[in-house]
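Reader: I would like a close look at one part of this model, worked outward from a single residue to the spaces and elements around it. Please keep the description plain.

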Amino acid sequence: EGGETRLRVVLRVRPLTCTETRRGDQQVVHSLGDGAVHVSAARHDATFGFSAVFDAGASQEAVFEGSGMRQLVELAMDGFSCTVFAFGQTGSGKTYTLMGPLAQSESQPASPALLGLMQRSFTCLLEHSRSRGSDLALTASYLEIYNEQVRDLLSPGPPCSLPLRWSKTRGFYVENQLSVEFQSLEAIVSLLLQGSQRRRTSAHALNRHSSRSHALLTIHIRSRAVSAACPSKQGTLCFVDLAGSERVKETGSSGELSVEANSINRSLLALGHCISLLAKSRGKRTHIPYRDSKLTRLLARSLGGSGITLMVACISPSSRCLSETLSTLHYASRARRVTTRP
Ligand code: ADP
Ligand code: MG
């Protein structure tokens, strides 16, 4: 429609965890099929619709194939700026969806069937690259936003903060970020692991390996010009693992943890604010406050610019998470009205 495309929003409902089952938590979220999901609890009864809903039984492969992730990889190879982001409450399955479960140890990697959207996308990308006779140059960069500071997860040494700048041609960009070339699946997976280990996580009541920062892994795909009819293209594929929203009271955060929580919540609030403004029709839109946080600056193109974006909203089915679940569902429904101009 006039060169506009909508954000694609899919929902993933994780299974109840052992702790939740043992506690006897009620399951309040039910998939109705056809992208509809129903929430029923004491005073709440609501149905929401998405492009696709993956319930507790959905495999990692089903999420990759059914979410449109494969198409997103192909669009990135065609020169578009593509972004997938996972959001939802802490412990709702964002990291699991993107990366799969944590490997128990180096020698005991997670089973291939459990690999997440990222590893599956890398495989797809490298397969295409090989079949095209390796005319693609692939590089990766990996950043985190921790307490409103942008840090490089790939550069060695203690994390230092990088400046975030704006230019007319590039929009918002991070200066001096490291970009590492890779040619094999092993190489990119090892970059992902290295970076993830440097990411700020702290254990708290809801999730033993809770991510305390927003992480952005970007694959830059450059294809050489084959002929005048087929010029060189430069696309990107960005994976965003947002730190989860949380209520300081529920997670038992205090001191440094509550400073982190407040900065996480503030940037998520800024993101939510931008999304609700972007969800209005273009004619009625006012200024979009991307500058309110580093996160919204870095996502400006994906949300309101020339990017193509897939959102994976993650929720827990437990009655105890009801209010966070409803807030994620409202947020995700609103995002479905956002359009970009790829
Ligand atoms: P988040 O990144 O949103 O904080 P995680 O991805 O770390 O949450 O998930 C929290 C816990 O739930 C982890 O132990 C993870 O292995 C488990 N989990 C999440 N999603 C699923 C799923 N679809 N199937 C099985 N276990 C899951
Ligand atoms: Mg996480």
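Author: Ser 267 sits in helix H8. The model is a predicted one, and in it Ser 267 counts as buried because its relative accessibility is 3%, under the 20% limit. Leaving out neighbours within four places in sequence, Ser 267 has contacts with Glu 148, His 214, Ser 293 and Leu 295.

Two of these partners, Glu 148 and His 214, appear again beside Ser 267 in the lining of the second largest cavity. The rest of that lining consists of Ile 145, Asn 147, Arg 212, Ser 213, Ser 263 and Ile 264. The cavity holds about 40 Å³ of space. Helix H8, residues 256-278, supplies the largest share of the lining, three residues. Sorted by class, the lining has two nonpolar, five polar and two charged residues.

Asn 147, also in that lining, is placed in the loop between E8 and strand E9 (149-152). Its relative accessibility is 28%, so Asn 147 counts as partly exposed. The backbone of Asn 147 has a phi near 45°, a positive value in a residue other than glycine. A positive phi also occurs at Asn 176, about 65°, and Asn 176 is not a glycine either. Asn 176 lies in the loop between E12 and strand E13 (180-181). Asn 176 counts as exposed because its relative accessibility is 61%.

How many cavities of 30 Å³ or more does the count give? There are two. The largest has a volume of about 60 Å³. Its lining is made of Leu 98, Met 99, Met 118, Tyr 142, Arg 199, Ala 215, Leu 217, Phe 239, Val 240 and Asp 241. Helix H4 (94-99), strand E16 (214-223) and strand E17 (233-241) are the elements that give two or more residues to this lining. E17 gives the most, three residues. By class, the lining of the largest cavity has eight nonpolar, no polar and two charged residues, whereas the lining of the second largest cavity has two nonpolar, five polar and two charged.

E16 and E17 are also among the elements that give two or more residues to the second largest pocket. This pocket has a volume of about 850 Å³. It is lined by 30 residues, and the closest to its centre are Arg 170, Phe 172, Tyr 173, Thr 236 and Arg 301. Besides E16 and E17, the elements that give two or more residues to the lining are strand E7 (81-87), strand E8 (136-146), strand E11 (164-167), strand E12 (171-174), helix H9 (294-298) and H10. The lining residues of the pocket divide into 11 nonpolar, 15 polar and four charged.

Just past H10 comes Gly 305, in the loop between helix H10 (300-304) and strand E18 (307-315). With a relative accessibility of 23%, Gly 305 counts as partly exposed. Not counting residues up to four places away in sequence, Gly 305 touches Ala 300, Thr 340 and Arg 341. The C-alpha atoms of Gly 305 and Thr 340 are separated by 5.4 Å, although the two residues are 35 residues apart along the chain.

One helix pair can be added. Two packed helices are described by the angle between their axes and the distance between the axes. For helix H2 (residues 60-67) and helix H5 (residues 117-131), the axes come within 10 Å and cross at roughly 60°. The crossing of H2 past H5 is right-handed. On the H2 side the contact is made by Gln 60, Glu 61, Val 63, Phe 64 and Ser 67, and on the H5 side by Leu 117, Arg 120, Ser 121 and Cys 124. The residues of this contact divide into four nonpolar, three polar and two charged.

Finally, some totals for the chain. It has 11 helices and 19 strands. Of the 342 residues, 51% are buried. Among contacts with a separation of 6 or more, 70% are between residues 24 or more positions apart.

Terms used:
Residues numbered from 1 in each chain as written. Chains lettered and ligands numbered in written order. Predicted model: local features only at pLDDT ≥ 70, side-chain atom pairs only at ≥ 80, totals over all residues. Heavy atoms only, no water. Axes fitted to C-alpha atoms, helices over the stretch in contact; angles between N-to-C directions. Helix = DSSP H or I, 4+ residues; strand = E, 2+ residues; numbered from the N terminus. Left-handed = near helix turned anticlockwise from the far one by under 90°. Contact = heavy atoms within 4.5 Å. Nonpolar A, V, L, I, M, F, W, Y, C, P; charged D, E, K, R; others polar. Buried < 20%, exposed > 50% of the residue type's maximum accessible area, 1.4 Å probe, protein only. 1 Å grid on protein atoms, 1.4 Å probe; cavity = no way out; pocket = protein on both sides within 12 Å on 5 of 7 lines; lining within 4 Å. Points joined across faces, edges and corners; volume = space filled by probe spheres on them.
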